[in-house]
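The report below describes a single protein chain for a reader who has the sequence and the coordinates at hand. It moves from the overall make-up to the confidence of the model, and then to selected residues and links.

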Amino acid sequence: MTTSRHRAGLLAALTAAAALLLVVPLPAGALAVPEPTTPVTGNATHFDALGAPYGGCGLPQAELDAPDFVALNAYDLPGDYSSYPMRPIPASQAAKIGLWNNGLNCGRFVRVTVGDYCTGVNDGAPGQPFCRNGSWTADAYSGATLTMVVADSCGDGNAWCRDDPYHLDLSTASLNRFVRDGTPVGDMNPAHWNNRHVSWSFVPAPNYSGDIRIGFMKGAQRYWPAIAVSHLANGIHGVEYLAGGVWTAATMNSDMGQSYVIGATAAGGTDFQIRVRDAAGALVNNGRVYRFALPASCGGTCSAAYTRVDYTTSDGPTPTPTGTPTATPTGTPPVTPTATPTGTPAPVTGCSAAYRVTGSWSGGFQAEVTVRNLGVGAITGWATALTFAGTQQVASSWSATVSQSGRQVTATNAAYNGSLIPGATTSWGMVVTGDNQPPTVVTCAVR
């Protein structure tokens with residue numbers, strides 16, 4: 001299966017039906033399929049992209065925590081290929097909730113291991129066995145692994161999404177980045193794929209550092225402040241906002257599990273304070289409070305799909321600004337908060353590049369560079385440069401035009417991610433052979 005996910009009627013839901021989203025009750029979280037605590041095996045398919053503007057978790061693809069992403073089944077409806085229950089699935093129909101769990105597994109990571117290959121037909125036909133007229137056979141790709149983020153749901157009317165509770169829909173671009181014996185497999189897709197078995201389990205975010213990211217969604221404004229929360233160590237099961245001195249549970253934005261509709265500290269205001277609960281129900285960073293404002297770049301209403309905001313933090317119940325998020329990726333200067341200190345003018349133009357490793361293995365690693373517009377006006381193009389510390393070589397890349405000369409790697413924006421409004425971010429990634437060492441220099445320039 002190769003498809004592009006989309007959210008039907010999403011823009012209308014974000015604007016005209018905003019008030020309705022505020023009153024839709026969330027289900028109790030009961031699951032017809034128990035959440036796996038050890039690796040489980042299911043059929044795997046693949047899809048091309050999240051679609052626009054958002055994937056099922058409420059994030060644009062460029063804002064995901066990793067370039068490798070998966071969809072979990074929205075429903076548990078064995079034998080039913082034609083009905084599409086309302087979403088979020090209400091608690092009264094909890095038996096129909098799949099491992100997507102009405103978005104509550106958004107932002108979590110799964111460790112996926114490639115299994116055996118179907119020598120017959122594995123087409124997900126309704127009411128038909130998986131791998132008909134053939135058998136499951138191990139081959140040279142079996143055992144390859146990759147850690148991926150949950151970013152979407154599979155609600156299609158086929159046997160994979162309805163009959164197989166542990167089915168995974170993998171991003172197509174990720175298939176050849178699975179690693180075996182320290183090396184990406186490179187050519188598993190398309191000739192050696194045929195909708196394999198995989199085994200998988202939930203894992204903490206790999207090589208996690210820094211702190212959460214917060215952005216306002218399209219249509220957000222003071223009376224409908226919808227945000228998306230990302231860069232999570234262990235998923236997200238709730239957001240609480242401070243209003244009138246009282247912490248209040250925010251309502252999930254439909255079943256987009258990383259998006260919540262919050263409230264301001266004062267009625268009708270544009271200043272916000274939130275805290276976040278992870279997949280275990282624990283407050284993130286021991287109850288850290290994140291304080292931010294509706295960005296000036298939004299005017300009355302945010303027009304971009306995602307407008308990232310800076311925030312200040314406090315680790316106690318009384319919000320006290322303490323500076324920028326807790327950690328800055330290796331090789332990147334700290335980013336100046338939106339509110340520029342007195343006497344220091346905000347940059348007119350400029351961008352920053354933040355480097356981080358998203359996965360590693362013997363003899364190689366995968367890295368991501370996040371580009372951010374630091375200026376007060378929009379930019380239409382950017383270029384980043386980094387200098388490796390050793391003999392590392394870029395083996396593959398995505399979301400940028402990348403070249404390497406000796407130790408220096410340069411990357412310029414792709415056609416679809418060069419334009420950034422003030423404060424907005426995008427990212428590009430690469431698979432690198434060689435030792436996992438931080439680069440000595442990471443820079444960004446506006447083109």
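The protein contains three helices and 28 strands, and the model in which they appear is a predicted one. Of its 447 residues, 52% are buried. Among the contacts with a separation of 6 or more, 72% are between residues 24 or more positions apart. The exposed surface of the protein comes to about 17,500 Å², and carbon and sulfur atoms supply 55% of that area.

**Confidence of the model**

The average pLDDT over the protein is 85, and 86% of the residues score at least 70. Where, among the elements, are the lowest and highest mean values found? Helix α1, covering residues 10-14, has the lowest mean pLDDT, at 37, whereas strand β3, covering residues 109-114, has the highest, at 98. The pLDDT is below 50 over residues 4-29, although the model gives this stretch 55 contacts beyond near neighbours in sequence. A further stretch, residues 316-347, stays under 50 in pLDDT, and for it the model has 51 contacts beyond four places in sequence.

**Disulfides**

With sulfur atoms required to lie within 2.5 Å of each other, the count comes to five disulfides. When the bonded cysteines are numbered in sequence order, the pairing reads 1-2, 3-4, 5-6, 7-8, 9-10. The table sets out three of these links.

| Pair | Sulfur-sulfur distance | Angle about the S-S bond | Handedness |
|---|---|---|---|
| Cys-118 and Cys-131 | 2.3 Å | 100° | right-handed |
| Cys-298 and Cys-302 | 2.0 Å | 90° | right-handed |
| Cys-351 and Cys-444 | 2.0 Å | -105° | left-handed |

The disulfide of Cys-118 and Cys-131 has its sulfur atoms 2.3 Å apart. Because Cys-118 lies in strand β4 (residues 117-118) and Cys-131 in the loop between β4 and β5 (136-137), this pair ties together parts that are 13 residues apart in sequence. Cys-118 counts as buried because its relative accessibility is 1%, and Cys-131 counts as buried at 8%.

Are the cysteines of the pair Cys-298 and Cys-302 buried or exposed? Cys-298 is buried, as is Cys-302.

The link of Cys-351 and Cys-444 is left-handed, with -105° about the S-S bond. Cys-351 belongs to strand β21 (residues 351-361) and Cys-444 to strand β28 (residues 441-446), so that the pair ties together parts that are 93 residues apart in sequence. Both of these cysteines, Cys-351 and Cys-444, are buried.

**Surroundings of Thr-384**

Cys-444 also appears among the contacts of Thr-384, a residue of strand β23, which covers residues 382-387. Thr-384 has a relative accessible area of 4% and is therefore buried, the cut-off for that term being under 20%. Which residues is Thr-384 in contact with, leaving aside its neighbours within four places in sequence? They are Ala-353, Val-369, Val-371, Val-409, Thr-410, Ala-411, Trp-428, Thr-443 and Cys-444. With Trp-428, the side chain of Thr-384 makes a polar contact of 3.1 Å.

**Surroundings of Ala-226**

Ala-226 is part of strand β12, which covers residues 226-230, and it counts as buried because its relative accessibility is 0%. Beyond four places in sequence, Ala-226 is in contact with Gly-215, Phe-216, Met-217, Ala-220, Asn-253, Tyr-260 and Val-261. Gly-215 is eleven residues from Ala-226 in sequence, and the C-alpha atoms of the two are 8.7 Å apart in space. Contact itself is judged by heavy atoms within 4.5 Å, so the C-alpha separation of 8.7 Å between Ala-226 and Gly-215 is a separate quantity from the criterion that places Gly-215 among the contacts of Ala-226.

**Aromatic pairs**

A search of the whole structure finds six aromatic pairs. One of them joins Trp-200 and Phe-202 in an edge-to-face arrangement, with 5.5 Å from centre to centre and 85° between the planes. Trp-200 and Phe-202 are both buried. Ring pairs also link Phe-216, Phe-272 and Phe-292 into a cluster, and Phe-216 is one of the residues in contact with Ala-226.

Key:
Residues numbered from 1 in each chain as written. Predicted model: local features only at pLDDT ≥ 70, side-chain atom pairs only at ≥ 80, totals over all residues. Heavy atoms only, no water. Helix = DSSP H or I, 4+ residues; strand = E, 2+ residues; numbered from the N terminus. Buried < 20%, exposed > 50% of the residue type's maximum accessible area, 1.4 Å probe, protein only. Polar contact = N/O pair within 3.5 Å; in protein donor to acceptor, adjacent residues only side chain to side chain. pLDDT = per-residue confidence, 0-100. Areas by Shrake-Rupley, 256 points an atom, 1.4 Å probe, with all protein chains shown as cover. Phe/Tyr/Trp six-rings, centres within 6.5 Å; stacked < 30°, edge-to-face > 60°.
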